[in-house]
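Dear colleague,

Please find below the structure that I am handing over to you, together with its sequence. My notes on what was found in it follow directly after.

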Amino acid sequence: MEDYFVKLISAGKSYGDETALNDISIGLHRGRIAGVLGVKGSGKSTLCRLLCGIEKPDSGKILIDGKKITKNTKKRIMYLLGENDIMKFKKPSELMDFYENFYPGFSREKAIRLMRLLRLDTEKKITNDKGINQLIALSCLGAGEADLYILDEPLNYFDRAEREYYLKEVLRTLDNSPLAVISTEILRGTETLFDDVVLMYKGWVKLCKSAAEIRVKTGKTVEDFYKEVYGFC
């Protein structure tokens, strides 16, 4: 493959007798937003966990900027925390303390600015409001200094307009032309963001193309193309 920033080379992953990823080989460039799309059970979340180094592939390899994922590499990767993870902290300030300790480039000032932009009260106690917790997580992710940002099923408690607005506001603040990977089965409010599309089904990659190529060749939006493909699955 050409000189991609992220490469998966014949990567496979299983859990017991269940195969989550089947011999995947794809490449993604910096400065792009890649949508990893598929219905539940397609392998999207497994792919995200492998990319951020939470898990390792059983076969093949994953390269970030030409190198295997190590402890140092992980500090160049920001992973969107789940809404339940946010509830482990009492206040956003405690969550920001966690990020400051783990990520050298994390900016508390930027996190606070993003939280206010997303209409959050930075002093309010964290509750079990999953939507608010997703916004808190998104604000902290956007305040990190990374080369790779991974968002697995972001903002799925919001409608199309809200989702598009919040994601756009945070993604446009990212510095140094990173790669952002958004994994989702809900395309509302996200499909206009994608530069590239990775379409998955039962652990296989069905397609990996630029969003522009899909639109030109099919005459459809990415969302309509996605619906058409999964109508035959």
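The sheet may serve as a starting point. In this predicted model, four strands form an open sheet in the order β2-β1-β4-β5, and their pairing is antiparallel. Its edges are formed by β2, covering 18–28, and β5, covering 67–68, each of which pairs on one side only.

Strand β1 spans residues 6–15 and is joined to β2 by seven bridges in the antiparallel sense. Should you wish to locate this pairing in the sequence, Y15 has E18 in β2 as its bridge partner.

A helix also packs on these strands. Helix α1, residues 44–51, lies across β1, β2 and β4, the last of which comprises 59–64. Relative to β1, helix α1 runs at about 120°.

The other point concerns a pair of helices, α5 (residues 108–117) and α6 (residues 130–142). Their axes come within 8 Å of each other and cross at roughly 140°. Angles over 145 degrees would count as roughly antiparallel, and 65 to 115 as roughly perpendicular; α5 and α6 are therefore oblique to each other. The crossing of these two helices is right-handed.

Which residues of α5 and α6 meet? On the α5 side they are K110, A111, L114 and M115, and on the α6 side I136, S139, C140 and G142. Sorted by class, this contact between α5 and α6 consists of five nonpolar residues, two polar ones and one charged one.

With kind regards

Definitions and conventions: Residues numbered from 1 in each chain as written. Predicted model: local features only at pLDDT ≥ 70, side-chain atom pairs only at ≥ 80, totals over all residues. Heavy atoms only, no water. Pairing = 2+ DSSP bridges. Contact = heavy atoms within 4.5 Å. Axes fitted to C-alpha atoms, helices over the stretch in contact; angles between N-to-C directions. Parallel < 35°, antiparallel > 145°, perpendicular 65-115°, else oblique. Left-handed = near helix turned anticlockwise from the far one by under 90°. Nonpolar A, V, L, I, M, F, W, Y, C, P; charged D, E, K, R; others polar.
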